[in-house]
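Please open the model in a viewer and keep the selection panel at hand. The tour proceeds in short stops.

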Amino acid sequence: MKQTDMSRKILEQARERLDQAVEIAALTGAGISAESGVPTFRGADGLWRQHRMEDLATPEAFQRDPRLVWTWYNWRRALIADKTPNPGHLALARLERLKPAFQLITQNVDGLHQLAGSRNLLEIHGSIWRVRCTVCGQRRIERNTLANPPSCPACQGLLRPDVVWFGEALATDRLDAAFRAVSQAEVLLVVGTSGLVQPAASLAWQAKRSGAWILEINIEPTPFSEHADAVLPGPAGRILPQLLP
Ligand code: OAD
C-alpha cells in the first residue's frame, strides 16, 4: 500500500474512533507549537541544541545565577509573546467543544492552547506567563516585560518562572488528573512530543496499559511510534484539522 493510501486509511480510522469515543485525551509537546514559530527543544534548531539545560532549567542553575536564567526566560517570553495558535491548537480546542469530556494535557508552557480556546487543559510543566515568589510563594500571571531579576510586589522576594525545571516534581494534583484522564481514555492523541521526558512520557504508556487506542502525530518517528496503534507522520497543524468533521 502506498504511504498516502495508508495515511488516508488511518485518517478514516481515527475519525471513526474519535466520533465513537466519549473519553478522549491528548498529550501535546513542543511540536504542536512549532508551526506557530515557537522553537522545540530537541529538533535541529531546538533550544537544547544551543543551550545546556543544566545552566538554565534547573533549581541549581537558578540558585547559582538567577539573572542568567531570567535572561533566557525573558528572551523566550518575548519570543512567544506575539505568537498565535495554529490550526493544530485550534483543532484541539474544537475537539473539546465536540466532546465535552475531552482532556488536553500539555508539556508546553507557551499558553497557546489556552489562547486557542482549550479549557479542559492541564499544563503539567507550568506556564511561562506565571511567576511565583521564592519567598512568600504567591503566584500570578504576568504578561508584561519583567525586570531582571524581578521581585515580588508583595514581599520583595525573588520571583521565578512558575514552570517545572529538571529535578523538580510536577504538581501532584495536575499529574494525578493527567494519569486519571489517560487511564479513562478510549482514544489518546500523542502530538508533537519526543516522549523523552518523564513523567510526561509515561502518560502514553499508561493509556496503552489501560487499553486506549493511541494515535501518534509527529513529523518524525519517536521511541513510542512502534507502540502506538496508529501513526500519522506530518505536521500537527495539517493533520489535526483533518481528524474532525
Ligand atoms: P521536543 O523538542 O523534545 O520534541 C518535539 C517533538 O515534536 C519532536 O518529536 C519533533 O519531531 C516533533 N515536531 C516538530 N515539529 C512538529 C510539527 N510541526 N508537528 C508535529 N510534530 C512536530 O519537545 P517535547 O517532547 O515537548 O521540559 O519536550 C518535552 C519537555 O522537554 C519539554 O516540556 C521541556 C523540555 O525540556 C521542561 O522544560 C521540563
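**From the ligand outwards**

Begin at Trp 48, where a polar side-chain atom lies 2.8 Å from an oxygen atom of the ligand. Please bear in mind throughout that the model is predicted.

Select Phe 41 next: one of its backbone N or O atoms is placed 2.7 Å from an oxygen atom of the ligand. Then move to Gln 107, which has a polar backbone atom 3.2 Å from a ligand oxygen atom. With these contacts in view, display the surface of the ligand: taken alone it exposes 800 Å², and the protein buries 92% of that.

Now widen the selection to the residues around the ligand, 23 in number. Which of them come nearest? They are Phe 41, Arg 42, Thr 193, Ser 194 and Asn 218. Colour this shell by residue class, and 10 nonpolar, 10 polar and three charged residues appear. Hide the ligand for a moment to inspect the space it takes, which is the largest pocket.

For the next stop, colour the protein by its domain assignment. Domain 1 comprises 1-37 + 84-125 + 169-245, and domain 2 comprises 39-82 + 127-163. Where does the ligand lie with respect to domain 1 and domain 2? Both domains give residues to the shell around the ligand, so the ligand lies between them.

Finally, examine how the two domains are arranged. Their centres, taken over C-alpha atoms, are separated by 26 Å. Select the residues in contact across the boundary: 14 belong to domain 1 and 14 to domain 2.

Note on methods: Residues numbered from 1 in each chain as written. Predicted model: local features only at pLDDT ≥ 70, side-chain atom pairs only at ≥ 80, totals over all residues. Heavy atoms only, no water. Near = heavy atom within 4 Å. Polar contact = N/O pair within 3.5 Å; in protein donor to acceptor, adjacent residues only side chain to side chain. Areas by Shrake-Rupley, 256 points an atom, 1.4 Å probe, with all protein chains shown as cover. 1 Å grid on protein atoms, 1.4 Å probe; cavity = no way out; pocket = protein on both sides within 12 Å on 5 of 7 lines; lining within 4 Å. Sits in = over half its atoms within 2 Å of the grid points. Nonpolar A, V, L, I, M, F, W, Y, C, P; charged D, E, K, R; others polar. Domains from an automatic or database assignment. Contact = heavy atoms within 4.5 Å.
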